[in-house]
Amino acid sequence: MVKLKYKDNDPLVLIRLINPQANKEKDVYAYADTGSDSLAVPRDIWMDLAFDYENRAVISTVGGTANTWYSLVNV
């Protein structure tokens, strides 16, 4: 049986993000979203893991749109 932590009725799961090129990893909590096709990582965590900024994009958010950078990584 898996027990999940919740924040505002949303399930949180512990995941490990790994950047093998930089030999860095970090454990973080993420919301479990079975309908999602991508993962948003806060900038401070992205920088800690030394991921590259490859492509620029405008994404839709709950509050409108945001300019961002993205890379394709294995999850």
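Strand β2 gives the most to the lining of the largest pocket, with 7 residues. The structure is a predicted model, in which local features need pLDDT of at least 70 and side-chain atom pairs count only at pLDDT 80 or more, while totals for chains, interfaces and linings use all residues. Residues are numbered from 1 along each chain as its sequence is written, and side-chain values use heavy atoms, with hydrogens and water left out.

The pocket is a good place to begin. A pocket here is an open set of points on a 1 Å grid over the protein atoms alone, where a 1.4 Å probe fits and protein lies on both sides within 12 Å along at least five of seven lines; lining residues have an atom within 4 Å of a point. Rolling a probe the size of a water molecule over the atoms shows where empty space is left. The largest pocket holds about 1500 Å³ of space, where volume means the space filled by probe spheres set on the grid points, and points are joined across faces, edges and corners. Its lining counts 40 residues, and those closest to the centre are Ser38, Leu39, Ala40, Val41 and Trp46. At least two lining residues come from each of β2, β3, α1, β4 and β5 (64-70). By residue type, the lining of the largest pocket divides into 27 nonpolar, 7 polar and 6 charged residues. In this grouping, Ala, Val, Leu, Ile, Met, Phe, Trp, Tyr, Cys and Pro count as nonpolar, Asp, Glu, Lys and Arg as charged, and the others, Gly among them, as polar.

The overall fold can be read along the sequence. The protein has 1 helix and 5 strands, set out in the pattern β-β-β-α-β-β. These elements are DSSP runs numbered from the N terminus (helices: H or I, at least four residues; strands: E, at least two). Of the 75 residues, 13% count as buried, where buried means under 20% relative accessible area, exposed over 50%, and partly exposed in between (1.4 Å probe, protein chains only). The accessible surface of the protein comes to about 6600 Å², and 50% of that surface belongs to carbon and sulfur atoms; these areas come from the Shrake-Rupley method with a 1.4 Å probe, and for residues only the protein chains shown count as cover. Among contacts between residues at least 6 apart in sequence, 21% join residues at least 24 apart, a contact being heavy atoms within 4.5 Å.

Charged side chains add another set of links. Side chains of opposite charge can pair when their charged atoms come close. A search of the whole structure finds 3 salt bridges, each defined as a side-chain nitrogen of Lys or Arg within 4 Å of a carboxyl oxygen of Asp or Glu. Arg16 meets Glu25 in one of them, at 3.5 Å from N to O, and Glu25 is exposed, with a relative accessible area of 52%. Arg16 also forms a salt bridge with Asp27, where the closest N and O atoms are 2.7 Å apart. This second pair links distant parts of the chain, with Arg16 in strand β2 (residues 10-19) and Asp27 in strand β3 (residues 24-31), 11 residues apart. Asp27 is partly exposed, at 42% relative accessible area.

Lys26 pairs with Asp48, the closest N and O atoms lying 3.1 Å apart. Here too distant parts of the chain are linked: Lys26 belongs to strand β3 and Asp48 to helix α1 (residues 43-48), 22 residues apart. Both partners are partly exposed, with relative accessible areas of 28% for Lys26 and 40% for Asp48. Through shared partners, salt bridges join Arg16, Glu25 and Asp27 into one network.

The loops hold some details of backbone geometry. Most residues other than glycine have a negative phi, and most peptide bonds are trans. Asn23, in the loop between β2 and β3, has a positive phi near 55 degrees and is exposed, with a relative accessible area of 71%. Ala50 has a positive phi near 60 degrees; Ala50 lies in the loop between α1 and β4 and is partly exposed at 35%. Phe51 also lies in the loop between α1 and β4, but Phe51 is buried, with a relative accessible area of 14%. The C-alpha atoms of Phe51 and Ile18 are separated by 9.5 Å, with their places 33 residues apart along the chain.

Ala57 offers a last example, from strand β4 (residues 55-61). Leaving out residues up to four places away in sequence, Ala57 touches Ala66, Asn67, Thr68 and Tyr70. The C-alpha atoms of Ala57 and Thr68 are separated by 5.4 Å, and the two residues are 11 apart along the chain.
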